[in-house]
Amino acid sequence: MRGFFIRTLSITFAKKSLKKILFALFLLSNLISIAQEKYTLSGTVTEATTGETLIGVSIIIPSLRTGAITNEYGFYSITLPENTYEVTYSSLGFTSKSLVIELTQSITQNIALENNAEELDEVIIKADAERLDIKNPQMSVNTLTASTIKSIPVVLGEADVIKSLLLLPGVSNAGEGSSGFNVRGGAADQNLILLDEATIFNSSHLFGFFSVFNPDAIKDVKLYKGSIPSRYGGRVSSVLDIFQKEGNSKSFKLSGGVGVVASRLLAEGPIVEDKSAFLIGGRASYAHLFLPLFNNDNRAYFYDLNTKINYRINERNNIFLSGYFGRDLFSVGDNFVNIYGNALGNFRWNHIYSDKLFSNLSVIYTDYYYGLELDFVGFEWNSGIQNFNLKYDLKHYFTDKLQINYGLNNIYYSFNPGKIKPNSPDSGIVEEQLIKKYANETAVYIDVQHELSPKLSVEYGLRLSHFIRFGQEEINVYADNNPVIFDPFLLIYKKAEPIETVPSSRSDQLKSYTNLEPRISAAYILNDDVSIKASYTRLSQYLHLLSNTSSPTPLDVWTPSGPYVKPQLVDQYALGVFTYLNNRNYSLEVETYYKDLQNRIDYIDGADLIANNAIEQVILNGEGRAYGVEVLLRKNTGKLTGWLAYTLSKSEQRTPGRNENEIGINNGQWYNTPYDKPHDISVYANYELNDKWSFNSNFIFQTGRPTNYPIGQFVFEDLVVPYYGLRNKERLPNYHRIDISAVLTPRKNKDRKWQSEWVFSIYNVYNRMNAASINFRQNQDTGVNEAVRTSIFGIVPSVTYNFKF
C-alpha cells in the first residue's frame with residue numbers, strides 16, 4: 001500500500017512537473033518568437049504577356065496559413081519571421097506560381113503570372129477560391145471580370161456591365177430601357193459609381209439600353225452592397241468601383257467587336273517597352289443610319305472614348321493619366337434634340353514610401369452635361385454638374401495580421417440647374433440662368449484590417465465627413481423658415497411664397513453638416529470551409545437627384561444639401577454565412593440585411609421639378625427602410641459553371657406630418673418605393689462544350705414594380721378625370737424572360753495571331769411582352785375605359801463578331 005502511494009505521488013508530481021515544463025517551453029517559444037527578427041516580402045504582380053498589374057492576387061504562405069492580397073495597383077506586402085518559406089502566387093485565370101524564398105532580409109519580389117485563358121469566351125467568376133476570402137471580414141461584395149461580363153447574354157448582343165450586375169442578389173432596376181440600378185432597396189442616385197476613381201453621374205447610354213462602360217477597356221468590377229470600407233463615402237446605398245486597364249507595355253494589341261447596333265475598337269501598346277504604355281478605346285452605335293431607309297428622320301445614337309497612359313518612373317513611383325468622354329444624342333426630327341454625357345480626367349501618382357507603406361495621390365475632374373433644344377418652342381436648355389476632387393490614400397502594412405488604410409479627400413462641386421436661351425432672334429424666349437449652386441465636401445478616414453486570432457478577423461474604421469453649402473446669387477427667405485406649407489382645409493401641401501429675397505456671395509456659408517460614419521465588420525471561422533460574418537455601416541449622402549420617375553432620366557437635376565434639404569443618413573446591419581460545398585466545387589452565400597434611412601427626399605403632390613429655381617418649395621424630408629435575405633449559390637468548376645441568385649426583400653418609405661396638425665404625404669403611411677421587388681430570381685449558366693463551342697443562358701424573374709392605377713373617376717366640364725388612392729399600392733405584372741447565346745471560336749485561332757469569335761444570342765427567347773407601364777384611357781368607339789400595356793422588347797436575336805490580334 002505504501003509503495004502504491006509513493007508511485008501515485010511520484011506520478012502526480014511528474015505530471016505537475018511536466019505541466020510546468022510544457023508551460024515554460026510555451027513561454028520560451030513565445031519569447032523566442034517575439035525576439036525573432038521579422039522581414040517584409042513585398043512587390044508587384046503583373047500579367048506576363050501584357051505587363052498589366054493584377055488586382056486581388058492571393059499570396060499564400062502555406063506553412064503559416066497566412067498570406068496577402070494585391071491592392072488596386074497590384075502591390076502586396078507581408079511581414080514574416082525570419083525563415084525559409086514556400087510562397088504561392090495565384091489568381092483565377094492565371095497559372096499559379098510557387099517560389100521558395102529565404103527571408104533573411106526584407107525582399108522586393110515582383111512576379112509575372114502567365115494567363116491560362118487563351119480563349120476569348122472563357123468565363124471567370126472571381127469566387128472565394130482561397131481560404132483567405134472565407135477569413136476576410138469583408139462581406140456584401142460581388143466581383144466580376146470583363147470575361148464574365150462578355151459572356152452574359154444581353155439585348156442586342158452588346159456586353160454590358162450594369163446588365164450583368166442585375167444577375168446578382170440584391171441588385172435590380174426599374175425594367176427594360178431604364179437607367180441606373182437599385183441595390184438593396186436603394187434609389188439609383190444612392191449608388192456611388194466610380195471609373196478609375198472618378199464619379200460617373202449617369203451610367204447609361206440611350207436612356208438605359210446600354211451602359212457607359214466599354215467592356216474591352218475594363219480591368220476589374222467590384223460592387224459593395226454593404227460593409228463598405230471607410231475610404232468610400234458620399235452615397236448611402238452602394239459603391240460600384242471600376243478600374244480600366246493600364247495598357248500593354250510589352251507589345252501592340254488591337255481588339256474589338258462588330259455588333260448589330262454598335263461596334264467597338266481598342267488599341268494598346270508600349271510607349272517605352274516595360275516602362276510606359278497607352279490605351280485608347282472607342283465605341284459608337286449606328287442603328288440610326290438605317291432609319292432614313294424607312295422614311296424616319298429621328299436619330300438616336302451614342303459614342304464614347306476611353307484613354308489611359310501610364311509611366312513607370314522607377315521601382316517606387318508610377319504615374320497614370322486616364323480619361324473618359326461620352327455623348328448621347330436623341331432627336332425627333334429637328335424639333336426636339338437631346339444631348340447628354342459624362343467627361344472625366346484623372347491624374348494619379350503611386351508612390352511606395354517603403355516596403356510597408358503604399359500611397360496614391362489622385363487629382364480628378366468630372367463633368368456631367370445635359371442639353372436640350374426645343375425648336376418648336378424656340379429655346380435651348382443646358383444644365384450639368386462639375387466637381388474637382390483631390391484625394392490622398394495610404395496603406396500601411398504593419399504585419400501580416402494588421403494593415404491600416406487612411407487618407408483624405410476634398411471635392412468641390414459646381415451645380416448648373418439650367419440655363420434657358422432663345423435659339424433664334426424671333427423666338428420670343430427671354431434668356432434666363434437658374435441660380436447656380438456651389439458646395440464642398442471634405443472627408444478623412446481610417447480603416448483597420450486586423451486578424452485577432454486564427455478564427456476571428458475584423459475590419460473597423462471611421463470616416464469623418466464635412467459638407468459646406470456655399471452662398472449663391474440670391475436666397476429666398478420664408479415665414480417661420482418654412483418653404484412648404486400645409487393647407488388644413490384641403491389637406492394638401494403647397495408652395496410657400498418667399499417673404500423676401502436676399503443677396504449672397506459665394507464666399508458665404510449657407511449651411512454646413514458634419515457626420516461621423518463608423519464601419520465595422522467581422523468574420524468568425526467555424527472550419528476551413530465555413531465562416532460567419534457580420535457588419536455595421538453608417539453612410540451619409542449630401543447630393544440628391546431630383547426625380548419623380550421610377551428610374552433616372554437625363555432631365556433629372558442634382559442638387560446639394562443646404563438650409564432646407566438635409567443630407568441622407570443610413571445605418572445598415574448585415575449578417576451572413578459563407579460556405580463551400582462538395583470539395584469547394586460549389587460555394588454558398590446567405591446574407592440578411594436591414595437598412596434604416598433618414599432624410600430621404602419626397603415630393604408633394606403635383607411637384608414641378610424641371611427648371612425650378614426654388615426646389616425647396618416642393619420637397620419634404622422623409623424616411624425609408626429596407627430589409628431582406630440574399631442567397632447566392634455558385635458552381636465554380638467543371639464544364640458547367642454559373643450561379644443561382646435569389647433575393648427576398650422589402651423597400652418602403654414614408655413622410656409623416658411635421659407636427660400633429662399635418663397628415664404627411666400618403667397620410668403619413670409607409671408605402672412601397674418605386675423599386676420595391678419582393679421576389680427576384682436570377683440564374684446564369686455557362687457550358688464549355690469543347691474548345692470550339694460554349695453556351696450561355698440566363699433566366700430572370702422579378703415581382704412587378706409598384707405603380708399607381710386610378711381607383712375612380714369624375715366628370716368635370718365633359719372631361720373624364722381619374723383619381724388615385726394611396727401611393728404605389730398596385731403593381732405591374734411580374735417580369736420574367738430567358739436569354740441564350742452560343743459562342744463559336746474557330747479552332748484555327750491557336751495557330752495564328754488573329755483570334756476571333758462569333759457570338760449568336762437571343763434575348764427574351766419566348767417573346768414575353770413584359771410591361772414597362774400600364775396606362776388607362778377611354779376607348780373612342782365604345783366609351784369604355786381600357787388598360788393599355790406598353791412593352792419595350794419582345795424576342796431580339798443578334799450576332800456579334802469579336803476579334804483581337
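**Figure 1. Ser651 and its surroundings in strand β41.** In this predicted model, Ser651 is a residue of strand β41, and with a relative accessible area of 2% the residue counts as buried. Two polar partners can be followed from its side chain: a polar atom of that side chain lies 2.8 Å from the backbone oxygen of Gly185, and a polar contact of 2.8 Å links the side chain of Ser651 with the side chain of Thr673. Leaving aside residues up to four places away in sequence, Ser651 touches Gly185, Arg625, Ala626, Tyr671, Asn672, Thr673, Tyr675 and Asp676, so that Gly185 and Thr673 appear here both as polar partners and in the list of touching residues.

**Figure 2. Arg184 in the loop between β11 and β12.** Arg184 belongs to the loop that lies between β11 (182–183) and β12. Although Arg184 is not a glycine, its phi is positive, at about 50°. Is this loop residue buried or exposed? With a relative accessibility of 1%, Arg184 counts as buried, because buried means under 20% relative accessible area.

**Figure 3. The largest nonpolar core and the contacts of Phe181.** The largest nonpolar core of the model has 43 residues, and those with the most contacts inside it are Leu165, Phe181, Phe213, Leu240 and Trp643. Two or more residues are given to this core by each of the elements α4 (161–165), β12 (191–195), β16 (218–224), β17 (238–244) and β41 (640–654). A second, separate core has 21 residues, including Tyr368, Phe415, Ala439 and Phe467. In soluble globular proteins, nonpolar side chains tend to be buried together. A view centred on Phe181 shows which residues it touches when those up to four places away in sequence are not counted: Ile162, Leu166, Val171, Ser172, Asn173, Ala187, Ala188, Asn191, Ile193, Leu223, Ser238 and Leu240.

**Figure 4. Thr579 in strand β38.** Thr579 is found in strand β38, which covers residues 568–581, and its relative accessible area of 13% places the residue among those that count as buried. The side chain of Thr579 reaches the backbone oxygen of Asp529 at a distance of 3.2 Å. Asp529 is also one of the residues that Thr579 touches, the others being Val530, Tyr586, Ser587 and Leu588, where residues up to four places away in sequence are not counted.

**Figure 5. The open sheet β3-β2-β5-β6.** Four strands, in the order β3-β2-β5-β6, form an open sheet with antiparallel pairing. At its edges stand β3 (66–69) and β6 (97–103), and since each has a single partner strand, one side of each is left without a neighbour in the sheet. Neighbouring strands of this sheet are turned against each other by 25° on average, with direction ignored. Strand β2 (residues 58–61) pairs with β3 in the antiparallel sense over four bridges, and within this pairing the bridge partner of Ile59 is Ala68 in β3. Strands of a sheet pair through backbone hydrogen bonds, either parallel or antiparallel.

**Figure 6. The hairpin of β46 and β47.** Strand β46 (residues 710–716) and strand β47 (residues 719–724) run antiparallel and are joined by six bridges. Phe714 stands opposite Val721, a residue of β47. The two strands form a hairpin with two residues between them, and Glu717, which lies in the turn, has a positive phi of about 50°.

**Figure 7. Asp274 in the loop between β19 and β20.** Asp274 lies in the loop that runs between β19 (262–272) and β20 (276–285). Its phi is positive, at about 60°, although Asp274 is not a glycine. With a relative accessible area of 39%, Asp274 is partly exposed.

**Figure 8. The whole chain as a setting for the close-up views.** The protein chain has four helices and 53 strands, and 53% of its 805 residues count as buried. Taken along the principal axes, its C-alpha atoms fill a box of roughly 115 × 70 × 55 Å. For a compact globule with 805 residues, a radius of gyration near 28 Å would be expected, and the 29 Å of the protein chain agrees with this. Among the contacts in the protein chain with a separation of 6 or more, 66% are accounted for by residues 24 or more positions apart.

Methods:
Residues are numbered from 1 along each chain as its sequence is written. This is a predicted model: local features need pLDDT of at least 70, side-chain atom pairs count only at pLDDT 80 or more; totals for chains, interfaces and linings use all residues. Side-chain values use heavy atoms; hydrogens and water are left out. Buried means under 20% relative accessible area, exposed over 50%, partly exposed in between (1.4 Å probe, protein chains only). A polar contact is a pair of N or O atoms within 3.5 Å; within protein, one must be able to donate a hydrogen and the other to accept it, and residues adjacent in sequence count only if both atoms are side-chain atoms. Contact means heavy atoms within 4.5 Å. Two strands pair if DSSP finds at least two bridges between them. Axes are lines fitted to C-alpha atoms, for helices over the stretch in contact, and angles run from 0 to 180 degrees between N-to-C directions. A nonpolar core is a set of buried Ala, Val, Leu, Ile, Met, Phe, Trp, Tyr and Cys residues joined through side-chain atoms within 4.5 Å. The radius of gyration is taken over C-alpha atoms; the globule rule is 2.2 Å times the number of residues to the power 0.38.
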